[in-house]
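Me: I would like to go through this structure term by term and ask what justifies each label. Please set the value against the criterion each time.

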Amino acid sequence: MEHEILSNALQPSADCPSLEELGRFADGALTPAERARRAPHIERCHACQAELAMLQAFADAEIRADEQAAVREIVTELRRREHEIFGAAAAPEIRQRSWLPLVSVRHALSLATVLLLMVGSFYFLESTPPRLPSDISPGGEVTRSLTVALRGPVGDQVEAPRRLEWQPVAGAVRYRARVMEVDRRELWSIDTGSTAADLPPAVRAQIVPAKTLLWQVTAYDASNATLAESRLERFRLARP
Amino acid sequence: MEPLSDEELIAQYRLAPSTDRSRQHLETLFRRHQTRVAAWCFRFTGNRTAAEDLAQDIFAKAFASLDAFRQDSKFTTWLYVIARNRWRDELRSRQARPREAPAEAMEVEEPASLNAALAALDARDARSIVQRLMDESLDETEKQVMALHYGHEMRLDAITSTLGLTNASGAKAYIVSARRKLNAAVKRWNMKS
């Protein structure tokens, strides 16, 4: 009886987001609207918090001493079964190929190029100023996600951004923000206790139209251990 | 030169899925995540042979579904979702076989008073009441252990590893403590209402 009551009380409910959505929440990849809709439930739901703990453990991949021997043996066996595992990857490809005889590779590539140019032009012409989250409230809520959620800049910008902003992470005492070229060569970095960093003029001078730059933030705790890291975000200055 | 990220490896693979080069990208992904998946499967199954089969299924499913990876989350997160769904299927399959139903909850002795107190909640909105009483009476670790064990049917030693608990008896101690506190909270709640 007790087990049944506790199970019913603590199982995910219909209000809980799907695993995929919860994963995007953890990665800081929900849109601001999705995040605003989902965060209140996730923050107070025991089942969702437990799922996030499992996801974090999966991502951390820390193996206890008493698990190491068994894990080594499992890995050895998996390598022995590689051909069966990779065999699965080949199956969908056969389906993809079935239409190819109808169109030559050269024509297919030409068509794809034209389509990409059309879509790219449409996207560029229709691009709007950066859509920053509307719920920015410096010093406000503390996110419990496994990654640092970046507020902006994201995407096309109408002017060179002046600052980087991100969501606070529970337990973080320091953040390192880095701006990089697309080949990940670092242009600039800063360590700060704040959740924003002003870009110095020398960096802003390198933000020229149509040039994509990357940025990323890492959160550290008091012992200098990495707590969370953001996804690699892109922004660029739109052509005038 | 910095190694390609998981997402970049998949993007490269998609450019020419049938080449030797793309096969190498898959192998890189596999080797990068094999220990993570192996450890996770071992924790959940508690059995090396079952973990091998589960891990193989997870990777086979992942590589067969790479086209469905939309890059809107990290590859690790996407792989986790596949692992969790595969494990849910496995649990459902085990529960359909009565003799293999999870029985580990029995490891922790159930005080009769807690059964009686919780039974009194049965006719009411037990879910919201239990959750509220947990919030009021349990600490964060106790809540997580309870949710993992009862809500996600996770074995106690798997919870100990997942949460990195370092006390002597791991998750079991938290379950015992949480249930004692919950028992008292339910009794108080019953007396008040």
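**Labels and their grounds**

Reply: A61(A) sits in the loop between α4 and α5 (68-80) of chain A. The model is a predicted one.

Me: What makes the phi of A61(A) worth listing?

Reply: Phi of A61(A) is near 55°, a positive value, and the residue is not glycine. Most residues other than glycine have a negative phi, so a positive one is worth a note.

Me: Why is the peptide bond between G152(A) and P153(A) called cis?

Reply: The bond joining G152(A) and P153(A) has an omega of about 10° and is a cis peptide bond. P153(A) belongs to the loop between β1 (150-152) and β2 (155-157) of chain A. Most peptide bonds are trans.

Me: Why are α4(A) and α2(B) called oblique?

Reply: Helix α4 (residues 46-60) of chain A and α2(B) have axes that cross at roughly 135° and come within 8 Å. Angles over 145 degrees would count as roughly antiparallel and 65 to 115 as roughly perpendicular. The value of roughly 135° falls in neither range, and the two helices are therefore oblique to each other.

Me: Which residues bring α4(A) and α2(B) together?

Reply: M54(A), A57(A), F58(A), A59(A) and D60(A) on the α4(A) side meet R36(B), V37(B), W40(B), R43(B) and F44(B) on the α2(B) side. By class, this contact has seven nonpolar, no polar and three charged residues.

Me: What makes α3(A) roughly perpendicular to α4(A)?

Reply: Helix α3 (residues 32-44) of chain A packs against α4(A) at an angle of about 90°, the axes being 5 Å apart. The range for roughly perpendicular is 65 to 115 degrees, so α3(A) earns that description relative to α4(A). H41(A), I42(A), E43(A) and R44(A) of α3(A) meet H46(A), C48(A), Q49(A) and L52(A) of α4(A). Those residues divide into three nonpolar, three polar and two charged.

Me: How do you know that R43(B) and E67(A) form a salt bridge?

Reply: The closest N and O atoms of R43(B) and E67(A) are 2.9 Å apart. The cut-off is 4 Å, so the pair qualifies. Between chain B and chain A the count is eight salt bridges, and over all chains it comes to 28.

Me: Why is the pair D191(A) and R174(A) said to tie parts of the chain together?

Reply: The side chains of D191(A) and R174(A) meet in a salt bridge, with N to O at 2.4 Å. D191(A) lies in strand β5 (residues 186-192) and R174(A) in strand β4 (residues 174-180) of chain A, so the pair links parts 17 residues apart in sequence.

Me: How much area do chain B and chain A bury between them, and which three residues supply the most for chain B?

Reply: Chain B and chain A bury about 6,200 Å² between them, with 62% of it on carbon and sulfur atoms. Y80(B), R127(B) and Y150(B) supply 11% of the area that chain B buries against chain A, more than any other three residues.

Me: How many residues does each chain bring to the contact?

Reply: Chain B brings 77 residues and chain A brings 59 residues.

How values were computed
Residues numbered from 1 in each chain as written. Chains lettered and ligands numbered in written order. Predicted model: local features only at pLDDT ≥ 70, side-chain atom pairs only at ≥ 80, totals over all residues. Heavy atoms only, no water. Contact = heavy atoms within 4.5 Å. Buried area = accessible area lost by both parts, 1.4 Å probe. Axes fitted to C-alpha atoms, helices over the stretch in contact; angles between N-to-C directions. Helix = DSSP H or I, 4+ residues; strand = E, 2+ residues; numbered from the N terminus. Parallel < 35°, antiparallel > 145°, perpendicular 65-115°, else oblique. Nonpolar A, V, L, I, M, F, W, Y, C, P; charged D, E, K, R; others polar.
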